[in-house]
Amino acid sequence: DMDNRHIVGLDVGAGTIKAFIGKKVKDGTVFIAGSGTAPTIGITKGIITDVEALALAISQAVECAGMATHIAVKDVYIGLSSVEISSINSVGSVSPSVTDAIIHDDIKRVYQSAILASIPDEHEVLHVLPQSFIVDKQRQIHLPLQQKCAHLEVEAHLVSMPRAVLQKLIDAVEKLGIHVVGIVANPIVASEVLPATNTQKYLFMDIGAATTELILIHNKQINLSTILPLGGNYITSDIMNGFEISYEHAEEIKKYYSKLNKNLRGQNIILDCNGYGTIDKQFP
């Protein structure tokens with residue numbers, strides 16, 4: 001129960017870690033008191049490569065948010081965008097304990113059945129997202145609690161991650177005095193805050209520094225989610241290599257020229273890419 005308590009939500013991106021301090025208010029929504037950021041270290045191309053460095057960056061973002069809000073919080077949810085996160089659609093089936101009414105325990109068991117069917121033992125499940133329930137061969141979207149049933153099935157979207165990676169991260173963060181309440185997959189959380197739309201099917205994309213998150217939503221249910229190892233850093237690297245300039249200089253050029261009018265294509269425009277310590281870097 002998080003009532004009357006503050007909680008930190010962390011968005012661990014490839015470039016920046018963002019920490020938000022929030023307080024749960026009576027209607028169940030969260031009031032954001034403030035935020036803090038820290039540069040990400042310990043993540044390379046969407047993979048955690050140095051868990052201690054990442055834990056340190058996380059603690060810096062939490063400390064920064066604490067200083068900005070004058071609220072000291074030790075409970076955090078960590079949102080990850082790692083390419084090590086995997087997703088799969090699975091089916092689980094059980095016979096309810098009693099045929100008179102489906103109870104919460106039956107729902108738990110049918111979820112577990114879907115997990116056992118598709119998730120390897122060495123993976124930790126982050127999200128079980130039911131797409132539909134099949135009650136005695138009749139499909140429905142809503143949770144079928146208290147319904148009569150001899151055979152229950154669920155079609156679910158499962159999101160998981162290697163347990164060893166997660167445990168190492170949790171241990172490293174807890175060593176720094178921060179309590180990890182839970183770990184979530186960023187694309188799943190991001191898609192849940194989208195306004196409910198009547199559109200039958202659409203694709204949600206979040207393009208970050210090193211990864212691009214894709215979620216396919218069909219009839220308000222997540223049908224597919226995946227994280228691709230592609231992002232804005234790749235454009236910066238291409239400019240750096242093509243123009244033979246520093247990464248920092250390439251990043252500035254990318255930002256400066258990102259607002260170029262598309263109508264200038266084919267108009268023989270020269271880009272002035274001069275920087276400190278370089279001479280006459282001009283490119284058509």
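Start by selecting E244, just after helix α5: in this predicted model E244 takes a positive phi of about 55 degrees.

Now step back and highlight α5 itself, residues 232-243. Put a distance between the C-alpha atoms at its two ends and you should get 17 Å. That agrees with expectation, because 12 residues at 1.5 Å a residue should span 16 Å.

Next, colour G232, T236, I239 and F243, which are buried in α5. They sit on the same side of α5, because they cover an arc of only 60 degrees around the axis. The spacing has a familiar logic: an α-helix has 3.6 residues a turn, so residues three or four places apart point the same way.

Spin the view to the other side of α5 and pick D238, N241 and G242. These residues are exposed.

Go back to the buried side and ask: what covers the buried residues of α5? Show α6 (247-257) and β16 (282-283), which are included in that cover.

For the last stop, jump to H123, in strand β8 (residues 123-135). Is H123 buried or exposed? H123 counts as buried because its relative accessible area is 13%, under the 20% cut-off.

Keep H123 selected and bring up S160: a polar contact of 2.8 Å joins their side chains. To fill in the surroundings, add S86, M161, P162 and R163 as well; H123 touches each of these along with S160, leaving aside residues up to four places away in sequence.

Notes
Residues are numbered from 1 along each chain as its sequence is written. This is a predicted model: local features need pLDDT of at least 70, side-chain atom pairs count only at pLDDT 80 or more; totals for chains, interfaces and linings use all residues. Side-chain values use heavy atoms; hydrogens and water are left out. Helices (H or I, at least four residues) and strands (E, at least two) are DSSP runs, numbered from the N terminus. Buried means under 20% relative accessible area, exposed over 50%, partly exposed in between (1.4 Å probe, protein chains only). A polar contact is a pair of N or O atoms within 3.5 Å; within protein, one must be able to donate a hydrogen and the other to accept it, and residues adjacent in sequence count only if both atoms are side-chain atoms. Contact means heavy atoms within 4.5 Å. The expected span of a helix is 1.5 Å times one less than its number of residues. The arc is that of the directions from the helix axis to the C-beta atoms.
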